[in-house]
Structures are given as structure tokens and as C-alpha cells.
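Here is a friendly walk through one protein model, meant to be read with the structure open beside you. We will look at charge pairs, a helix, the nonpolar cores and a pocket.

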Amino acid sequence: MRVLGIESTCDETAASVVVSGQTILSQIISSQADIHQKYGGVFPEVASRQHAEMVAPVIAQALAEAHLTIEEIDLIAVAHGPGLIGALLVGLQMAKGLAWALKKPIVGVNHVEAHLYAAIMSHDREVVFPCLGVVLSGGHTFLLRVYEVGRYEILARTIDDAIGEAFDKVAKMVGLPYPGGPPVERLARQGDPYRFALRAGRCQNPLDFSFSGLKTAVLHTLKDHSVDAIRADVCASFQRAALQDVWQKTVKAAEQIGTNRVLFGGGVTNNSALREIFSEQSPFLHCLWPTPLLSLDNASMIAGLGYHVYRLHGPDDLFSLEAKARIW
Ligand code: KG4
Ligand code: ZN
């Protein structure tokens, strides 16, 4: 089954063609990072306009690279949430227009679930369920009990900022470009992770995350010093605090549900310090990480998961499929 995936939840316009949930024939991503850089984060209205401009050429390129015509596509899968509502609507309306005009089935896919599916796709092997799912992205931070593809229980979430958002905001504070994760990680390598006693917030549900206080603590630390003199130590101390918090809660959640298998998803999983923490501090966990190509926002994970959603539940109704800023 040849599936066209369409992704426009945040600041990437992406389209992919994936066969039967696994084989990627093409993957096109048009990133808006350069455009949002001057705002230090995603400017929603600008994102929607950019998606509107790029969505048709990106789809055309994905089809061309897959050597297929749109008529040869069997299913259209579109990320219908969670995300920025204006951005979501662009991808969804395009997907609906194609499905209607060409009389193709359509399925709406949850973008957060798709980030976890990316780890399954990356390894091209049977994943043993149930397992723990950990989503660490720019907009989402979740711990999930994964019973099987399409069936989840939320164990924990962030009560304020997402972890990637915290990296982006700290980057802005110390004068690094957007998206902030990669430059913060690079600079952190030169800094002392124990210079500043930063730590992530505590929550009522001990597995929930809170990064807003950590971000404010970084701001206060910067006020007391010359930014240039402490930039690397601040990045290292912030990163240590944020990643150790993720590690601790992941280990606790895995214990709680009685598994040692963990699926990771989302852009922050590119962080090599995060991967090192898991391999050094918890070698007993079998961690499945997405490949770099599938960890950031992309449409292959949408097309891949869309295939399974279609097999399990059939097509969505074209007229009642809606964009949802929040799903979970
Ligand atoms: O999954 P993603 O592409 O988008 C969302 O669904 O939100 O993740 C983007 C986020 C950004 O916040 C970016 O700063 C972060 O992932 N990120 C990283 C790294 N690479 C990307 N954070 C920490 N370390 C990295 N190496
Ligand atoms: Zn994402």
C-alpha cells in the first residue's frame, strides 16, 4: 500500500511516500527554521503562510522522487494534531482536497504517536509490546504506556513547557540561534555541568515534568554574571538538569509498568548526551531511538503510522476529520 504522508503541525512542511508502514520511497522536508530565527521561536501566523506556500510543491517533489503519480497513491495520511491550528489546517485542507478530488481514502494521524512510530520504523524489526514510550520534542513531553500501535495510556506529561521548548528558550537567553537544542548541546560540551545547581521542577504526579522553573532559574543565574563568561557552564548545567530529570522519570515509569523496553521519539532524542546518560546509567533498558532522519518533524512517520491506523480502523470520514490543536 503506497501512502502519501503530509505534515504541517509546526514549522516544517513535509511530504513522504511510504510503502506499507515501512519502506520510505521519498521524504521531503521544507524547514522554516531560518524564517523563525529572528523571532527566537515559531511565529504561528508566519508559519501558516509559509505552509500554504510550500505544501503543494513539497507534495509534488515527494511524488516525483518516489516516481509515482498522485493517482498511484493508495492512501493519504495527514497529521491532524496536536499542533498550531493555522498550520495544521493547511496540511489538512490539502489532504482533504486531494482525497476528495481523487476519491482516495484519508486518515488523520496523531503527530505525537507518529514520533514514537518513528522509532519502530527506524529499526525495521518487531517491537515487543507493551513498552514505555517517551516523547521529547519542541512541543510535547510525554511518558506513555504503549500497549500496541494505536493503543496508549498517558503516564505523565509536562505541566508547563515542553523539553525542546526549554532548550529553545535557554538558547535565546544566552544568545544562541533557534532551534536551540543543537547549539546548546554543542556549547554544553565545553562547560561545567555542576557549576550551577539547577534542577527541574517537582510535580504533584511524581512522573510529570516541569521545565518552566528551570528556565527561570537560568534567567536569574544570567542576571548575576556576565553572560559571555558563563554561557557554556549555564548550557551544561541546564542540560544536565533537564536530561537527568528525563532519565530518572523514564526509569521510574519503566519500573512502574514492569518493562525494560523503551521507545523514544521527538527532536530532543538527537541529543547525544541524552543517549549517553541512558547507555551509561541504565544499560538494563533496551532503548529504541529514531534515526536522525526520522527524529525531527517529518512526514514518513505520518505515512508510516497512517498505514496502521487505516488497517486498524479504516478510513476517516472526509467531512468530519478535523484539525485539533490538542489531542491528549
Ligand atoms: O520533534 P521536533 O522536530 O518538533 C516538535 O514536534 O516539536 O523537535 C524540535 C525540537 C526543538 O525544540 C529543538 O531545539 C529540539 O527538538 N532539538 C534538540 C536537539 N535537536 C533538536 N534538543 C536538544 N538537543 C538536540 N541535539
Ligand atoms: Zn514533532
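A residue counts as buried when its relative accessible area is under 20%, as exposed when that value is over 50%, and as partly exposed in between. Keep in mind that this is a predicted model.

**Salt bridges**

With that cut-off, Asp233 counts as buried because its relative accessibility is 14%. What does Asp233 meet in a salt bridge? Its partner is Arg195, with 2.7 Å from N to O. The two sit in distant parts of the chain, 38 residues apart, with Asp233 in helix H8 and Arg195 in the loop between H6 and H7. Arg195, at 38% relative accessibility, is partly exposed.

Searching the whole structure turns up ten salt bridges. Three of them are set out here.

| Salt bridge | N to O distance |
|---|---|
| Asp233 and Arg195 | 2.7 Å |
| Lys215 and Asp161 | 2.8 Å |
| Asp74 and Arg2 | 3.9 Å |

Asp74 is found in the loop between helix H2 (44–65) and strand S4 (75–81), and Arg2 in strand S1 (residues 2–7), so their salt bridge ties together parts that are 72 residues apart in sequence. Both ends have some access to the surroundings: Asp74 is partly exposed at 31% relative accessibility, and Arg2 is partly exposed at 32%.

Now turn to Lys215 and Asp161, whose side chains meet in a salt bridge of 2.8 Å, N to O. Lys215 belongs to helix H7 and Asp161 to the loop between strand S8 (151–157) and H5, so this pair ties together parts that are 54 residues apart in sequence. Lys215 and Asp161 are both buried. Through shared partners, salt bridges join Asp161, Glu165, Lys169 and Lys215 into one network.

**Helix H5**

Helix H5 covers residues 163–173, and its buried residues are Ile163, Gly164, Ala166, Phe167, Asp168, Val170 and Ala171. What do these buried residues pack against? Their neighbours are strands S6 (131–136) and S7 (141–148), together with helices H6 (181–188), H7 (212–223) and H8 (227–257). Just after H5 comes Gly175, which takes a positive phi of about 85°.

**Nonpolar cores**

In soluble globular proteins, nonpolar side chains tend to be buried together. The largest nonpolar core here has 48 residues, and the members that touch the most others are Leu132, Leu143, Ile163, Phe211 and Phe238. Elements giving two or more residues to this core are S6, S8, H5, H6, H7, H8, strand S9 (261–265) and helix H9 (272–281). Which element supplies the largest share of this core? That is H8, with 15 residues.

Leu132 is worth selecting in your viewer. Leaving aside neighbours within four places in sequence, Leu132 is in contact with a list of residues that includes Leu144, Val146, Leu155, Ala253, Ile257 and Val262. A second, separate core has 31 residues, among them Val3, Leu288, Leu294 and Met301.

**The second largest pocket**

The second largest pocket holds about 330 Å³ of space. Its lining is made of 17 residues, of which Pro193, Gln239, Ala273, Glu276 and Ile277 are the closest to its centre. H6, H8 and H9 each give two or more residues to this lining, and H9 gives the most, with six. By character, the lining of this pocket divides into seven nonpolar, five polar and five charged residues.

Methods. Residues are numbered from 1 along each chain as its sequence is written. Chains are lettered from A and ligands numbered from 1 in the order in which they are written. This is a predicted model: local features need pLDDT of at least 70, side-chain atom pairs count only at pLDDT 80 or more; totals for chains, interfaces and linings use all residues. Side-chain values use heavy atoms; hydrogens and water are left out. Buried means under 20% relative accessible area, exposed over 50%, partly exposed in between (1.4 Å probe, protein chains only). Helices (H or I, at least four residues) and strands (E, at least two) are DSSP runs, numbered from the N terminus. Contact means heavy atoms within 4.5 Å. A salt bridge is a side-chain nitrogen of Lys or Arg within 4 Å of a carboxyl oxygen of Asp or Glu. A nonpolar core is a set of buried Ala, Val, Leu, Ile, Met, Phe, Trp, Tyr and Cys residues joined through side-chain atoms within 4.5 Å. On a 1 Å grid over the protein atoms alone, a cavity is a set of points where a 1.4 Å probe fits but cannot get out, and a pocket is an open set with protein on both sides within 12 Å along at least five of seven lines; lining residues have an atom within 4 Å of a point. Grid points are joined across faces, edges and corners, and a volume is the space filled by probe spheres set on the points. Ala, Val, Leu, Ile, Met, Phe, Trp, Tyr, Cys and Pro count as nonpolar, Asp, Glu, Lys and Arg as charged, and the others, Gly among them, as polar.
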